[in-house]
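These entries record what I looked up about the way helices pack in one protein chain. They are set down in the order in which I examined them.

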Amino acid sequence: MERNLTKLTNKIHDLVVVGGGIYGATLAWEASIRGLSVALVEKGDFGGATSANSLKTIHGGLRYLQNADFKRMRESIHERTALMKIAPHLIHPLPVLVPTYGHGLKGKEVLSVALAINDLVSFDRNRLPDSQKHIPHGRVISKQKCLELLPDIPTQGLTGGAIFYDAQVYNSERLNISFLRSADQKGATLANYVEVNGFIQNDNRITGVTAIDRLTGNKLDIRGQTVINTSGAWVNKILGMVNQQERSPFGLAKAMNLVTTRPLFEKYAVGIDSKNSSVDPNTVINKGSRFFFIAPWRGRSMIGTEYAVYSQDPDDFQITEEDINQFITAINQAYPGAKLKREEISFVHGGMLPTTNVNPQTGEPILAKHYQIFDHSQTGLLGLISLVGVKYTTARDVAEKVVNYLFKSLGKKSPKSISSVTPIYGGEIENFNAFLQNAIVENQAKGLTESTIRRLVYNYGSAYPEVINYLDNSESELAVIKAEIFHAIHQEMAHKLSDVILRRTELGSAGYPGDEIIQFCAEVMSKELGWNSEKLQQEVQEIKNILGVTPVKISV
């Protein structure tokens with residue numbers, strides 16, 4: 001990918017996408033692969049806001065059974081399979097264990113029926129030829145077996161457990177980048193650190209956006225037949241630049257996930273009910289409690305998700321120490337065996353999600369369940385569409401629907417979508433385990449360790465040789481990291497130290513990698529990008545602030 005601002009501004013694009021999170025990235029890929037010329041701009045780094053707050057779980061939709069929402073189940077199941085096919089290095093099956101209590105809605109009998117229905121609804125889930133991507137049948141287990149697997153869970157009323165499988169993203173930031181790299185390969189023009197500050201308008205038609213390059217301060221005009229606003233929590237702020245009456249009806253919730261220094265559970269992701277009442281008035285079956293998900297991830301645990309109503313400016317978003325401590329308390333109440341302490345939280349992921357209302361009984365936000373496409377031509381403003389997504393798993397599917405809608409609105413015949421079966425950047429892998437083993441054997445002979453090759457394959461997939469091409473004569477771990485930095489700078493638009501630490505590599509997305517690594521990366525980037533010592537120290541301090549190394553609030 002090349003950040004070519006001249007190319008961005010010297011033509012009229014079919015589509016201008018505002019926002020480089022997962023919805024913007026999948027939309028750019030979907031539109032590009034179907035023949036549209038695309039420009040995409042992001043005011044920060046790609047995937048640097050709410051998309052970075054993913055719980056890393058690609059849901060098959062089992063939870064929709066409580067709403068009897070079989071349509072959403074099928075969509076989620078299809079997308080889980082599609083993502084494992086097009087990004088096999090990043091998406092992998094995840095075993096989930098939910099303890100069962102009593103003989104009511106949380107009991108083994110009810111969950112046994114739910115698992116059977118889930119298997120029936122997902123009858124075609126194993127159509128991929130790679131057996132590593134197959135999702136086994138769900139099953140219930142005895143109380144004794146459950147305690148063997150989860151020895152510290154509460155035992156009062158325990159009757160057993162239910163085991164099913166979902167999928168997990170090894171690195172959600174690289175999934176976002178991979179969609180963008182695929183769009184770039186199909187001709188899309190992309191730029192991070194380009195902030196939209198207005199619209200180009202002729203009478204009642206939007207013909208593009210005005211923007212500022214945050215790296216140089218230069219002003220830009222980016223023109224397109226249609227502008228699609230995929231700016232997430234900033235959707236209304238962007239719409240306010242054209243008309244204060246053009247607004248999404250959604251409110252916002254603060255969402256938070258925690259990464260721990262130690263794994264709470266090593267083999268299974270575990271679903272634990274909290275003791276705090278949470279009632280969703282739209283649910284057919286209400287369990288009367290919150291559900292925390294604790295998943296093993298890179299030798300740690302990812303725990304989520306905590307929600308709270310958020311009514312402030314999205315630019316002022318932050319997770320406070322009070323937020324973190326309240327979440328830890330809730331986790332320890334739900335699962336006393338965790339005995340989780342503040343110092344065991346290695347990283348805090350925070351973001352904002354759309355809501356439809358506030359629960360009057362609990363004061364908690366009611367999350368939006370369905371994406372929305374707002375065509376502003378219906379209010380007399382042509383050429384502008386806003387997209388509000390609600391779920392990471394189905395972003396590709398929503399992008400497909402948006403492009404279908406776009407072709408229909410233009411009165412053009414829509415080419416068939418092939419994005420659900422076309423591998424994205426790094427995804428050219430037929431059999432993941434065989435590919436990984438071959439990579440290990442081939443590169444161990446060159447001096448690279450198994451753990452290094454495993455990490456490279458899980459992050460870059462079939463494209464990992466592109467990183468190795470930047471290696472100098474040394475095969476040390478620092479040399480490999482240096483190669484990743486060069487790759488990030490020259491191939492993936494990394495401009496800041498945080499881009500490399502948090503979103504191009506896996507160095508910092510699970511916690512602070514240590515002063516030595518941070519300083520090493522900063523010095524490599526400084527030399528390559530021509531930073532002076534003041535700029536270098538500024539970049540180091542910024543990443544330390546983000547990762548909570550200094551006593552400041554953690555913010556997106």
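**Entry 1: α11 and α13.** I began with the packing of these two helices in what is a predicted model. I found the axes of α11 and α13 to be 11 Å apart, at an angle of about 20 degrees. An angle under 35 degrees counts as roughly parallel, and α11 and α13 are therefore roughly parallel to each other. I noted that their crossing is right-handed. I then listed the residues that meet: Thr452, Arg455, Leu456 and Tyr460 come from α11, and Glu477, Val480, Ile481, Glu484 and His487 come from α13. Sorted by class, this contact of α11 with α13 holds four nonpolar, two polar and three charged residues.

**Entry 2: α13 by itself.** I next checked the length of helix α13, which covers residues 477-491. With 15 residues at 1.5 Å a residue, α13 should span 21 Å, and its end C-alpha atoms lie 20 Å apart, which agrees. I asked which residues of α13 are buried. They are Ala479, Val480, Ile481, Ala483, Glu484, Ile485, Phe486, His487, Ala488 and Ile489. I also asked which helices the buried residues of α13 pack against. The partners are α6 (172-185), α11 (450-460), α12 (464-468), α14 (497-504) and α15 (515-529). After α13 comes methionine 493, and I recorded that its phi is positive, near 55 degrees.

**Entry 3: α14.** I turned to α14, one of the partners just named, and asked how many of its residues are buried. The count is eight of its eight residues, and α14 is mostly covered. I wrote down the buried residues of α14 as Leu497, Ser498, Asp499, Val500, Ile501, Leu502, Arg503 and Arg504. Charged side chains are thus included, among them those of Asp499, Arg503 and Arg504.

**Entry 4: α14 against α15.** I found that the axes of α14 and α15 cross at roughly 125 degrees and come within 9 Å. That angle makes α14 oblique to α15. The crossing in which α14 passes α15 is right-handed. On the α14 side I listed Leu497, Val500 and Ile501, which meet Ile518, Cys521, Ala522 and Met525 in α15. The residues of this contact of α14 with α15 divide into seven nonpolar, no polar and no charged.

**Entry 5: α2 against α6.** I then examined helix α2 (residues 22-33), whose axis lies 8 Å from that of α6, at an angle of about 25 degrees. This makes α2 roughly parallel to α6. I noted a left-handed crossing where α2 passes α6. In α2, the residues Ile22, Ala25, Thr26, Ala28, Trp29 and Ser32 meet Asn176, Phe179, Leu180, Ser182 and Ala183 in α6. I divided the residues of the contact of α2 with α6 into seven nonpolar, four polar and no charged.

**Entry 6: glutamate 321.** Last, I looked up a single residue and asked where glutamate 321 is placed. It is in helix α8 (residues 321-334). I then asked whether glutamate 321 is buried or partly exposed. Its relative accessible area is 39%, so glutamate 321 is partly exposed, since that class lies between the limits of 20% and 50%. I also compared its position with that of valine 38: the two are 283 residues apart in sequence, and their C-alpha atoms are 41 Å apart in space.

Conventions. Residues numbered from 1 in each chain as written. Predicted model: local features only at pLDDT ≥ 70, side-chain atom pairs only at ≥ 80, totals over all residues. Heavy atoms only, no water. Helix = DSSP H or I, 4+ residues; strand = E, 2+ residues; numbered from the N terminus. Expected span 1.5 Å × (residues − 1). Buried < 20%, exposed > 50% of the residue type's maximum accessible area, 1.4 Å probe, protein only. Contact = heavy atoms within 4.5 Å. Axes fitted to C-alpha atoms, helices over the stretch in contact; angles between N-to-C directions. Parallel < 35°, antiparallel > 145°, perpendicular 65-115°, else oblique. Left-handed = near helix turned anticlockwise from the far one by under 90°.
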